[in-house]
Amino acid sequence: MSNFYVWSEFGEILDIALHLQNEGHNVVFDIADKAYSKIGEGMIKKCDGHEDYLGQGYTFVYDGCTKGKLQDWLRSKGEVVFGGSEAGDKLENDRQIGQDLFKKAGFPQPFSKNFKKIEEAQAFVAANKSKQYILKQNGNAPKSINYMGKRDKSEDMIHHLDDLKKKWNEAEWGEVDFDMMEVVHGCEVAGSALFNGKDWMRNKDGKIVGWLNYEEKKSDNEGLGMTCGEAGTTFVGVTEDNELFKKIVLSPVIAKYLKKIDFRGVFDVNGCLQDDGTYTAFEATCRFGVPSSDYEFIEGMKSNAGKVIAAVAKGEEMAVEIHEGIGMVVVMFGKPFTIEGKLEPENTSIGEKLWVMDDPVKNEHIHLYNFKKEEDGDYNVATDSGYLLTVTAKGGSVDMVREKCHKILESMQMADAKWRTDIGARVEKEVDKMV
C-alpha cells in the first residue's frame, strides 16, 4: 500500500483518486476551487492543502496545468510528484511555445498566431480571406468560444469575432488571449504516453506503450452542437511498433525536451492526419486528460495504476502493461451542460439522484465526476455543473465497445441525462483495421 495526495482544481480526477483507493492505497483528495468542494464527499477522505503531507512518504498527484511551479518546488524538497512542471504548464498554456517545439520536431506546421486584442484578429482575418482559420482559447476562457471557420472568405470567423467582443467576460476569463491557426483538413487524432523525467515508460518487452485517441468535442451526434471539451473518445492501446503513434509522440526532439524540463506524467500531442500521411500537431497536453484518464489509467491499464504513477513520479523504470486494442469513454451529462455560466438551481441537475443497481465507486466501468454520497447511501449531483460521469469499455471492435458503453449508460437512470450515441463512428473503419 502506498500513500497518495491527489490535488484537483475542480475535482475532475475524483475517478483517479477513487481507483487508487480501490487498489488498496491510502488516498487524500484536495479540491482547490471551493465551489466544487462537495464532489467526492462520503466517498473519499478530503483535505485542504498539501502541508500536512510533506515528508510523510506521499506521492503528490496533480491535475491541471497551473501548479507546475509548486510541483518543481516539491521535487526540490525531495517529494515525489506526478503531473508536470512549470515548463510543462507553459508548453500547454502558451500555444506558440508548443508550435515552436513541433516545428523543431519536424512537424509541418500551419500558420499560427496569438492575439491579445479581438480587433487585431478581425483585421488579420479580413486581410487574409483566402485562408480558413480556427480560433483556440487560452487561459480561463471557456472552450465553447473555440470556433473553426467554414466559409471560403472567412465571413463566419469575422462574425464570430464580432460576437466574441460582446460576450468576452474579462472578470471571469481574464484579458483577451487566444490563438488563430490555419485550418488543416483530415482526421483529428492524438497520441499519449507516460514520461518519467528520463524516458518513456515501456512494457515487459522493452517497448514504449501508449494510446492513440480520437476525441469528439461537440455535444451532439455527427459533430453538431456546442464545443464542450470532450463528449467521448475512442482509444487504441499501442506500442512503439505502431507507425502512427511513433509519428505523433516519439520524436527524439520531444523526448529531449521532456527530459530537459523534468516532465513526469502523461504527455499528449493532438493534431491532424492528412490524406497524404502528413501529420500536423495542434497542441500539447501536459496533464491528466479529462475524460481520457478514465480509460488510460483505469479501463485500459492492466498494471496497478498506483504503482505506475509512483514509478513515473520517482523517475523509475517499470514494466507497464496496457490493453493493446480498442477502448472507449462516453460522457453522461445533464443540465446545464454545455452552458458555462451560473444558473438558478432549478435549471441545473444539482441534487438529483443517480439510480444505479451496483455501487458505482466499485464499478471499474463507471467513473463519477460530479457526485457526493449521502448518509442514506444515495449518490446525488454535487454541484451545478452538468458534467456528471463517464463510462468506459474495451473490446474487439468500435461497434462492440460502443454497444458495451451504451448498455452501461442505459442501466442507470437520471432525470435529463443524455450522451452521444455515435462516439467512434467517424473513425470506425480506420480503428478496426488496427487490431
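**Helix packing and buried residues in a predicted model**

Biologist: Which orientation do H3 and H4 have towards each other, roughly parallel or roughly perpendicular?
Modeller: This is a predicted model, in which local features need pLDDT of at least 70 and side-chain atom pairs 80 or more, while totals for chains, interfaces and linings use all residues. Residues are numbered from 1 along each chain as its sequence is written, and side-chain values use heavy atoms, without hydrogens or water. The axes (lines fitted to C-alpha atoms, N-to-C angles 0 to 180 degrees) of helix H3, residues 86-93, and helix H4, residues 95-104, cross at roughly 95 degrees and come within 5 Å. The two helices (DSSP runs of H or I, at least four residues; strands are E, at least two) are therefore (under 35 degrees being roughly parallel, over 145 roughly antiparallel, 65 to 115 roughly perpendicular, the rest oblique) roughly perpendicular.

Biologist: How many charged residues does the contact of H3 with H4 have?
Modeller: On the H3 side the contact (heavy atoms within 4.5 Å) involves Lys90, Leu91, Glu92 and Asn93, and these meet Arg95, Ile97, Gly98 and Leu101 of H4. Sorted by class (Asp, Glu, Lys and Arg charged; Ala, Val, Leu, Ile, Met, Phe, Trp, Tyr, Cys and Pro nonpolar; others polar), this contact has 3 nonpolar and 2 polar residues, and the number of charged ones is 3.

Biologist: At what angle does H1 pack with H10, and at what angle with H11?
Modeller: With H10, residues 292-299, helix H1, residues 14-22, has its axis 9 Å apart at about 15 degrees, and the pair is therefore roughly parallel. The axes of H1 and H11, residues 305-314, are likewise 9 Å apart, but here the angle makes H1 roughly perpendicular to H11. The angles are thus about 15 degrees for H10 and, for H11, about 110 degrees.

Biologist: Which residues of H11 does H1 meet?
Modeller: Towards H10, the helix H1 uses Asp15, Ile16 and His19, which contact Ser293, Asp294, Phe297 and Ile298, a set with 3 nonpolar, 2 polar and 2 charged residues. The contact of H1 with H11 divides into 4 nonpolar, 2 polar and no charged residues. From H1 the participants are Ile16, His19 and Leu20, and on the H11 side they are Ala305, Gly306 and Ile309.

Biologist: How many residues are in the core that lies apart from the largest nonpolar core?
Modeller: The largest nonpolar core (buried nonpolar residues other than Pro, joined through side-chain atoms within 4.5 Å) has 92 residues, of which Trp200, Phe267, Phe297, Leu368, Phe371 and Leu389 touch the most other members. Leaving out residues up to four places away in sequence, Phe267 touches, among others, Leu91, Trp200, Ile254 and Leu258. Apart from that core lies another, which includes Phe115, Ala141, Leu161 and Met180, and its number of residues is 17.

Biologist: What is the relative accessibility of Phe124?
Modeller: Phe124 is found in helix H5, residues 118-127, and beyond four places in sequence its contacts are Phe111, Phe115 and Tyr133. Its C-alpha atom is separated by 9.7 Å from that of Met180, 56 residues apart along the chain. Phe124 counts as buried (under 20% relative accessible area with a 1.4 Å probe and protein chains only; exposed is over 50%, partly exposed in between), with a relative accessibility of 17%.

Biologist: What separates the C-alpha atoms of Ser349 and Thr383?
Modeller: Ser349 lies in the loop between strand S15, 326-333, and strand S16, 366-368, and at 0% relative accessibility it counts as buried. Beyond four places in sequence, Ser349 touches Gly334, Lys335, Val381 and Met414. Ser349 and Thr383 are 34 residues apart along the chain, and their C-alpha atoms are separated by 7.9 Å.
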